[in-house]
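Student: Please work through this structure with me by question and answer. I should like the reasoning set out before each result.

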Amino acid sequence: DLQGKIALVTGSTSGIGKAIAMALAAEGASVIINGRHEDKVKQTIHDIHSKHPDAEVRFVVADLGTEEGCHQVREAAPVLDILVNNLGIFEPAEFFDISDADWFRFFETNIMSGVRLTRHYLKNMLSRNEGRIIFIASEAAVMPSQEMAHYSATKTMQLSLSRSLAELTTGTRVTVNTVMPGSTLTEGVETMLNTLYPDEKLTIEEAELRFMKENRPTSIIQRLIRPEEIADFVTYLSSPKSSAINGSALRVDGGLVRS
Ligand code: NAD
């Protein structure tokens, strides 16, 4: 039960972020949607309200790849109980083709957005002795691949960052954790699956199974993760029930990675 809690989910107009916003709203949290485009933000609020008519939902349109955008968010919502650093950019590319500008763009978007927001909100949470910070990293954080060196590097950095920040919460009721989703069936991944095997007329389920066999053979469940499955776990981490989980990096990847 997250009644009365204020939650911000960055990059919440699609995919995993939208599912998280929906799940937190379903539990009664007052949710702040963030995206860069007003039409998408409004569509997301409409979708949440059509499932949960009483949900309290606000929005901040801001590009969080910039300090200015982060500032806008901090101004609009100075106090939060739950911060989900979800937004992320992912563009497969050969290492030799990734420019300095691309490296900096990935760093600024995937890492600095979380740093700039957490610097403010963690301090506030510590002063109130209450709060949840959750980073959405990826399987790529621990299973790097050569065609996404910049993405993987930022995802590994999130693990280290969240562990360092968790140290600051020692002796308080604030927690900082990271969730590492395996490949998840978002709109973007569905588009990728639709273009992957152009010569065969595969259904999405057949393409999914083939993708798993060929690209994720170690997955125990041999299917993609659903955004709702990540969202349910994030909802648990957001709740008072998860107070013993702190400084952790938790995989929701169907057993892809063994440790
Ligand atoms: P997505 O592209 O659907 O969602 C990312 C959202 O972030 C988009 O709505 C995008 O508009 C937003 N965003 C990007 N840059 C932004 C910026 N500068 N300011 C504000 N918003 C911005 O993708 P997704 O798959 O839902 O990804 C969500 C998170 O989950 C990401 O951090 C991603 O790395 C991670 N992840 C995804 C998968 C997967 O298979 N889909 C697997 C592991 C981890």
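Tutor: Helices here are DSSP runs of H or I with at least four residues, strands are runs of E with at least two, and both are numbered from the N terminus. The model is a predicted one.

Student: In which loop does Gln 222 lie?

Tutor: Gln 222 has a positive phi near 50° although this residue is not a glycine. Its relative accessible area is 21%, and buried requires under 20%, so Gln 222 counts as partly exposed. As for its place, the loop that holds Gln 222 is the one between α7 (204-215) and α8 (227-238).

Student: Ile 225 lies in the loop between α7 and α8. Is Ile 225 buried or exposed?

Tutor: Leaving aside residues up to four places away in sequence, Ile 225 touches Gly 182, Ser 183, Thr 184, Leu 185, Ile 230, Val 252, Asp 253 and Gly 254. With Thr 184 the C-alpha to C-alpha distance is 4.4 Å, although 41 residues separate the two in sequence. The relative accessible area of Ile 225 is 3%, and the limit for this class is under 20%, so Ile 225 is buried.

Student: Which residue with a positive phi lies in the loop between α4 and β5?

Tutor: The residue in question is not a glycine, yet its phi is about 55°. Its relative accessible area of 28% makes it partly exposed. The residue in that loop is Asn 129.

Student: What is the order of the strands in the open sheet?

Tutor: The sheet has 7 strands and the pairing is parallel. β3 (57-61) and β7 (249-252) each have a single partner strand, so these two stand at the edges and one side of each lacks a neighbour in the sheet. From one strand to the next the twist averages 20°. Read across the sheet, the order is β3-β2-β1-β4-β5-β6-β7.

Student: In β7, which residue is the bridge partner of Thr 178?

Tutor: β6 spans residues 174-181 and pairs with β7 in the parallel sense over 4 bridges. Thr 178 takes part in one of the bridges between them, and its partner in β7 is Ala 249.

Student: What angle does the direction of helix α5 make with that of β6?

Tutor: Helix α5 (residues 149-167) packs on the sheet and touches β4 (82-85), β5 (131-136), β6 and β7. Angles are taken between N-to-C directions on a scale from 0 to 180 degrees. For α5 and β6 the angle is about 165°.

Student: How many of the residues of β5 are buried?

Tutor: In a regular strand the side chains alternate between the two faces of the sheet, so each face should be examined in turn. In β5, Gly 131, Ile 133 and Phe 135 are buried on one side, and Arg 132, Ile 134 and Ile 136 are buried on the other. β5 also pairs with β4 in the parallel sense over 4 bridges, and Arg 132 is the bridge partner of Ile 82. β5 is largely enclosed by the rest of the structure, because the number of its residues that are buried is 6 of the 6.

Student: In β2, which residue is the bridge partner of Ala 7?

Tutor: β1 (residues 6-9) and β2 (residues 30-35) pair in the parallel sense over 4 bridges. Both faces of β2 are covered, with Ser 30, Ile 32 and Asn 34 buried on one side and Val 31, Ile 33 and Gly 35 on the other. The partner of Ala 7 is Val 31.

Student: How far apart are the end C-alpha atoms of helix α1?

Tutor: α1 covers residues 15-26, and 11 of its 12 residues are buried; Lys 18 is one of these. Just after this helix, Gly 28 takes a positive phi of about 95°. At 1.5 Å a residue, the expected span of α1 is 16 Å, which agrees with an end-to-end C-alpha distance of 17 Å.

Student: At roughly what angle do the axes of helix α3 and helix α4 cross?

Tutor: In the contact, Glu 67, Cys 70, Val 73 and Arg 74 of α3 meet Ser 113, Arg 116, Leu 117, His 120 and Tyr 121 of α4. By class these are 4 nonpolar, 2 polar and 3 charged residues. The crossing is right-handed. The axes of α3 (residues 67-76) and α4 (residues 100-128) come within 10 Å, and the crossing angle is roughly 35°.

Technical notes. Residues numbered from 1 in each chain as written. Predicted model: local features only at pLDDT ≥ 70, side-chain atom pairs only at ≥ 80, totals over all residues. Heavy atoms only, no water. Left-handed = near helix turned anticlockwise from the far one by under 90°. Contact = heavy atoms within 4.5 Å. Nonpolar A, V, L, I, M, F, W, Y, C, P; charged D, E, K, R; others polar. Expected span 1.5 Å × (residues − 1). Buried < 20%, exposed > 50% of the residue type's maximum accessible area, 1.4 Å probe, protein only. Pairing = 2+ DSSP bridges.
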